[in-house]
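Hi,

Here is the structure I said I would pass on. Have a look at it first, then read my notes underneath.

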Amino acid sequence: MTDKVSFSPGPAGKGDTPELPEVLSTLPLRNSVLFPGSIIPIDVGRPKSVRLIEEAIAKERPIIGIVTQKDARTEEPSEDDVYEIGCAARILKVIKLAKDNYSVILQGVVRIRIEGFVADEPFLQAKVAELADVVVDEIESEALMLNIKDTAKRLIALVPDLPREAAALIDSVTDPGQVADLVISNLDIEIHEKQDVLAANNVQERLRKVLTLLTRQLEILKVRERINSQVQEEMGHSQREYVLRQQLKAIKGELGEIDDEGGDADEFSKKITEAQMPEEVEKVARKQLDRLKSMQPSSAEYTVTRTYLEWMTDLPWAISTEDQLDISAVRDVLNEDHYDLEKVKKRILEYMAVLKLNASKKGPILCLLGPPGVGKTSLGKSIARAIGRKFVRISLGGVRDEAEIRGHRRTYVGSLPGRIIQGIKRAGTNNPVIVLDEIDKLGHDFRGDPGSALLEVLDPEQNHTFSDHYLEVPFDLSKVMFIATANYIDPIPPALKDRLEILRLVGYTRQEKLAIAKRFLVPKQIGEHGLKEAGIDLSFTDEGLLEVIDSYTHEAGVRNLEREASAIIRGVAVKVVEGELKGELAIDVDSVSEYLGPQKYLPEVADRTAEPGVATGLAWTPVGGEIMFVEATRMPGKGGLMLTGQLGDVMKESAQAAMSYVKSHLAELGIEQSLIDNHDIHVHVPAGAIPKDGPSAGVAMFSAIASLLTGTCVRPDVAMTGEITLRGLVLPVGGVKEKMLAAHRAGIKRIILPERNAKDIVDVPEEILDELEIHRVKNVMEVFGKVLTKGGDVAGDAKSQTAESSAD
């Protein structure tokens with residue numbers, strides 16, 4: 001149905017109402033209501049409707065029933081899917097558009113009521129009855145008709161698209177019922193409202209409904225016209241203001257009063273509009289701009305306000321970079337830049353997968369915790385490159401002022417925003433990757449605690465309204481991906497630690513260092529030293545790199561490895577410049593010492609454990625795992641215990657617990673009482689300048705003391721860790737992976753671990769596990785039987801003691 005419906009006065013359009021058959025073929029319409037006298041075109045394409053039309057046109061003066069569907073989406077309407085009141089219609093013309101597709105022109109004849117459907121095949125057929133008009137009060141009907149005509153003419157005047165002949169058509173119709181049908185058929189209203197009017201056979205009721213709908217439509221058009229007038233008026237005012245300002249500018253130019261600052265106001269106004277700030281932020285910026293206009297350019301306050309507006313307009317309020325959501329591409333970039341580090345890569349891929357499913361997901365707050373040189377900072381840059389975001393690094397080492405994070409208030413001379421907002425401006429987008437480097441090195445003093453200021457920055461529930469002291473308006477940081485880095489976990493305040501998702505990066509294995517050196521470090525250093533441009537094809541053999549790793553570095557990361565490789569390449573560069581080297585050169589084991597000098601680190605485990613009273617323990621440090629020697633000796637005395645090596649309180653207590661256990665189990669260990677009564681025991685942990693603490697050396701303390709008193713040596717290829725109790729139980733400890741890497745690096749072949757640390761072995765690389773023999777123990781007597789070079793009766797006693805402990 002078109003917006004304009006033709007109308008033919010009279011019930012059938014030709015003066016007389018045709019006689020209706022008792023049963024009519026019924027055609028359901030979608031989104032259309034046919035009224036008596038109306039002429040509308042329709043398209044017919046549904047199979048049942050096509051069959052109905054083809055049969056109807058074969059009859060003379062064909063009459064069919066037209067009903068409206070309740071739901072236009074129904075493809076095969078039944079009795080319950082159509083309205084009860086419809087309209088009998090005459091088919092005026094049929095045009096075949098294509099196979100099974102017709103254009104049909106219908107003319108409404110009279111209202112009908114569906115008494116019941118008698119068939120639904122090959123099309124709907126219904127028993128119908130004519131619904132005649134009922135006129136109760138002719139005078140009221142005439143009055144309502146005049147009101148409708150008057151209102152309709154006013155509505156026609158407000159719609160320029162309607163032809164002026166429409167008013168003449170309305171005047172030509174004199175029957176009240178037909179006036180109502182004519183007007184309602186041309187109103188743009190809901191289908192159910194038109195159907196409600198069609199169902200009203202009481203003429204007065206029908207006229208009232210039409211008048212109500214017509215009045216509502218008129219009021220809507222009046223409001224729209226008023227809005228259009230206001231818009232035109234406002235546009236005219238803006239154009240007038242623009243012309244006056246241009247004239248004012250020209251007058252000032254003639255008077256020589258134009259200055260650069262005067263042009264700044266217009267420029268700032270344009271920048272504020274282009275920045276697409278949030279409404280409340282733009283309100284503040286406009287207020288400051290109004291203040292700027294009223295200031296003298298020579299005043300100090302003018303410069304402060306101008307600088308503030310520059311910061312406000314330069315920030316990327318609505319600028320974001322599009323994320324790289326191709327997971328495989330992100331994985332490829334991460335693998336290209338970094339070797340291993342699977343946990344961190346897995347977390348980034350998880351975040352990108354969630355972001356692809358939910359674009360409004362807030363950025364994660366990650367903390368990469370690990371020793372120096374394992375690639376924490378460079379990993380942040382790689383993450384930014386992988387996901388297609390800008391990268392910003394903010395160093396927090398030594399920061400002691402809270403204003404470094406939140407900025408200074410504008411009341412201070414030379415005040416600026418904090419480092420977070422500065423980083424956002426530098427990135428130019430509101431969703432960069434920001435690396436907060438060395439977050440564990442934050443300090444605090446009388447100027448404030450920057451760690452506390454970071455609480456809001458790193459809280460996803462708060463940082464969407466982060467307020468810098470300089471800006472004093474909220475800035476949304478929820479789209480930023482924050483990545484903090486730290487070597488130590490303890491210095492980080494608990495509240496700040498609670499907001500961080502800790503991802504631990506442990507040291508690299510020997511083979512991992514070799515792979516990193518071959519893939520990243522050596523090619524990078526060769527390129528930086530310009531050897532390729534000089535025609536030198538320099539390479540390192542695997543044996544040469546392993547020699548550097550084993551004998552010239554002693555670290556969890558690869559920073560010193562890169563430094564030593566650089567030293568070798570510099571030595572090669574000197575020879576190239578002096579003309580001693582040309583063409584290809586391979587750095588092997590023999591070449592390493594030529595460039596780096598004598599070995600810096602020598603394996604000493606076998607020498608240090610070749611006598612009773614020396615045991616090898618495993619320690620965790622912030623820079624990775626280390627092996628630690630525990631030495632014990634005895635001297636004439638009265639059974640005392642002396643501890644040296646700058647031990648902490650917890651470590652001293654572990655030594656005392658080990659000594660107490662040995663004293664209480666002398667018989668099982670095969671130790672004579674006189675050795676305890678007539679001698680003092682001295683336990684020392686070398687590297688006395690380095691503070692040491694923690695309970696994990698308990699097993700090593702026990703082994704050293706027991707080895708001393710039994711006169712047996714601890715195997716040189718065994719290292720151990722574990723806390724002990726007075727009952728001889730071996731309790732779990734932390735840092736197992738780092739300790740096992742250190743043991744492997746030092747040439748250890750056998751490791752003693754607490755039974756309850758078995759779960760931590762999963763994180764250890766397979767190549768390490770293949771070369772280590774791991775023994776899990778529950779009781780220290782099991783340890784005693786596994787670490788000595790000769791078991792004898794002692795080993796048998798140990799097994800007996802273990803059985804007794806299990807029985808207990």
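**Rings that meet, helices that cross**

Let's start with two aromatic residues: Tyr 661 and Phe 702 are both buried. Keep in mind that this is a predicted model.

Those two rings form an aromatic pair, with 5.8 Å from centre to centre and 70° between the planes, which counts as edge-to-face. Tyr 661 sits in helix 22 (residues 649–664) and Phe 702 in helix 25 (residues 698–710), so the pair links distant parts of the chain, 41 residues apart. There is a third ring to find here too: ring pairs join Phe 784 to Tyr 661 and Phe 702 in a cluster.

How many aromatic pairs are there? The count comes to 4. Another one of them is made by Trp 317 and Phe 475, and this pair is tilted, with centres 4.9 Å apart and 50° between the planes. Trp 317 belongs to the loop between helix 9 (300–314) and helix 10, while Phe 475 belongs to strand 12 (residues 474–475), so this pair ties together parts that are 158 residues apart in sequence. Are these two residues buried or exposed? Buried means under 20% relative accessible area. Trp 317 has 11% relative accessibility, so it counts as buried. Phe 475 has 2%, so it counts as buried as well.

Now for the helices. Helix 10 (residues 327–337) packs against helix 12 (residues 376–387) at an angle of about 150°, and their axes are 8 Å apart. Angles over 145 degrees count as roughly antiparallel, which is why helix 10 gets that label relative to helix 12. The crossing of helix 10 past helix 12 is right-handed. On the helix 10 side, the contact is made by Val 330, Val 333, Leu 334, Glu 336 and Asp 337. Helix 12 brings Ser 382, Ile 383, Arg 385, Ala 386 and Ile 387. Sorted by type, the residues of this contact are 6 nonpolar, 1 polar and 3 charged.

Which way does helix 19 lie relative to helix 20? The axes of helix 19 (residues 559–577) and helix 20 (residues 589–596) come within 9 Å and cross at roughly 85°. That makes the two helices roughly perpendicular. Helix 19 makes the contact with Glu 564, Ala 567, Ile 568, Gly 571, Val 572 and Lys 575, and helix 20 with Glu 594, Tyr 595 and Leu 596. This contact divides into 5 nonpolar, 1 polar and 3 charged residues.

Cheers

Conventions. Residues numbered from 1 in each chain as written. Predicted model: local features only at pLDDT ≥ 70, side-chain atom pairs only at ≥ 80, totals over all residues. Heavy atoms only, no water. Axes fitted to C-alpha atoms, helices over the stretch in contact; angles between N-to-C directions. Helix = DSSP H or I, 4+ residues; strand = E, 2+ residues; numbered from the N terminus. Parallel < 35°, antiparallel > 145°, perpendicular 65-115°, else oblique. Left-handed = near helix turned anticlockwise from the far one by under 90°. Contact = heavy atoms within 4.5 Å. Nonpolar A, V, L, I, M, F, W, Y, C, P; charged D, E, K, R; others polar. Phe/Tyr/Trp six-rings, centres within 6.5 Å; stacked < 30°, edge-to-face > 60°. Buried < 20%, exposed > 50% of the residue type's maximum accessible area, 1.4 Å probe, protein only.
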